[in-house]
Amino acid sequence: MKKITIVGSGYVGLVTGVGLSEFGNRVTCVDIDNNKISELNLGKIPIYEPGLEEIISRNVNNGRLYFSSDISLSIKESEVIIIAVGTPQSENGDADMQYVFSVIKSITENLNSYKIICTKSTVPIGTGNKIINILKNKFQENSDFDYVSNPEFLREGSAVKDFLWPDRIIIGTSSQKAFHIMCDIYRPLYINKNPIKHTSVETSEMIKYASNSFLALKISYINEIANLCEIVGADVHDVANAMGKDGRISEKFLHPGPGFGGSCFPKDLKALSSIANEYKLPMETLDAAIQANKNQKEKMGYKLEKLIAGGINNKNIAVLGLSFKANTDDVRESSSIDMINFILSRGGYVKAYDPIANESMSKIFGNISYFDDIYEAIADADAIVLMTEWNEFRSLDLKRIKKIMKGNYILDTRNIINMKELSSLKFVYDNVGRIKI
Ligand code: NAD
């Protein structure tokens, strides 16, 4: 059992905190956002993540999980400090590292005994070395501190499960002592199945970017294939399914859609491209994936415009799904943002519905209507555009929808609505890369 501080209690920090407490450690999650910590102490969970509430309350009740705004004290009392603050994209595409370095400053002010300083935030390759050099100005490596890079691979929407049953845990460090301590904090995983890989700090930092970029590349690739399918009369689902049967390709991340969003892929691709540029090494596949994604997001708006006779001006459009993917309230870089902007720019009106993310989106768009009931959002709409693959959208009551809608246009950017039913009910519809029935 180790005493651990997680600095940053967002999607990654909170899940890491509860996960490590579930593994038997004593964990304090800290954050500069005092409201967030107060709410957590009242049992309110600031994000939506399936299974999170239950596992938090279990670990709080058994005395292994704490929330605190006292970052200094928590650092002093812990042996392992895990940094999980945001690394958003800055204006020039680089990762904005101000939050990470402000945590390093707090650590240098409070390092009172040997500690492992571990970065879980996604950080540019070379960051670990910069941190080690800052710490070395004041402290002795190996005796006062050791540095570890331990990137996180969880997916929002299944984050708890991903953390508790990971495919791999990367521990990047030059210190054997730190490596063994890190193995210890992940002990239950280490005993059953050993998903732990020991690497150098730089390799670990690179694994995270290379993995995210590859997945994003796969999405951009299948989206471009889908677009070509539409032109040549092929069906992208059959194509993706057959491609996925090839073990070298795998079926994962071959779902065409409205372009990837979220807090990771867009910024991580740009950051990796920016790192490569810094070293004057063009990474053309990466830049192409970024551009293809931008095109895909734009294309969805044009698809909608083309579908509706007379265009979007003055039309009421029901936008179903606001989060960047199902099972999360996260709307960062969501394709729905591009879609809503497009509709507004064309003079249309948005009736938005999301089972969880209405509140998050209302911070971006205060001027559109939000509905808590999907059928109220759809009532009197001229068209529907489905943006997120929420399960409840798979079983929409299309007969009822046909009756309550004003128009009969449906754009399904996730290819989840039954085309046969759409056809038989005489909807005018479109989707991404499928042969229409
Ligand atoms: P987030 O924005 O949800 O949370 C970051 C938290 O850090 C916020 O609560 C913020 O208040 C807090 N914070 C900022 N500065 C602080 C400071 N100096 N001291 C204490 N707290 C501070 O971010 P996130 O989505 O959890 O992502 C965190 C990191 O993990 C990023 O680098 C991200 O790229 C990476 N990551 C994210 C995911 C994901 O799915 N969200 C997956 C893997 C990796």
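**Exercise 1.** Determine how the residues of the shell around the ligand divide by class.

*Solution.* Begin with the source: the model is predicted, local features need pLDDT of at least 70, side-chain atom pairs count only at pLDDT 80 or more, and totals for chains, interfaces and linings use all residues. Residues are numbered from 1 along each chain as its sequence is written, and side-chain values use heavy atoms, without hydrogens and water.

Next, fix the classes: Ala, Val, Leu, Ile, Met, Phe, Trp, Tyr, Cys and Pro are nonpolar, Asp, Glu, Lys and Arg are charged, and the others, including Gly, are polar. The shell then divides into 11 nonpolar, eight polar and eight charged residues.

Finally, of the 27 residues around the ligand (a heavy atom within 4 Å of it), those that come nearest are Asp 31, Lys 36, Thr 87, Glu 156 and Lys 267.

**Exercise 2.** Identify polar contacts of the ligand, where a polar contact is a pair of N or O atoms within 3.5 Å, and state how much of the ligand the protein covers.

*Solution.* Take the oxygen atoms: one lies 2.8 Å from a polar backbone atom of Val 12, and an oxygen atom is 2.9 Å from a polar backbone atom of Thr 122. Then take nitrogen: a ligand nitrogen atom is 3.1 Å from an N or O atom in the side chain of Ser 102. As to cover, the ligand on its own has 830 Å² of accessible area (Shrake-Rupley method, 1.4 Å probe), of which the protein covers 90%.

Notes. A polar contact is a pair of N or O atoms within 3.5 Å; within protein, one must be able to donate a hydrogen and the other to accept it, and residues adjacent in sequence count only if both atoms are side-chain atoms.
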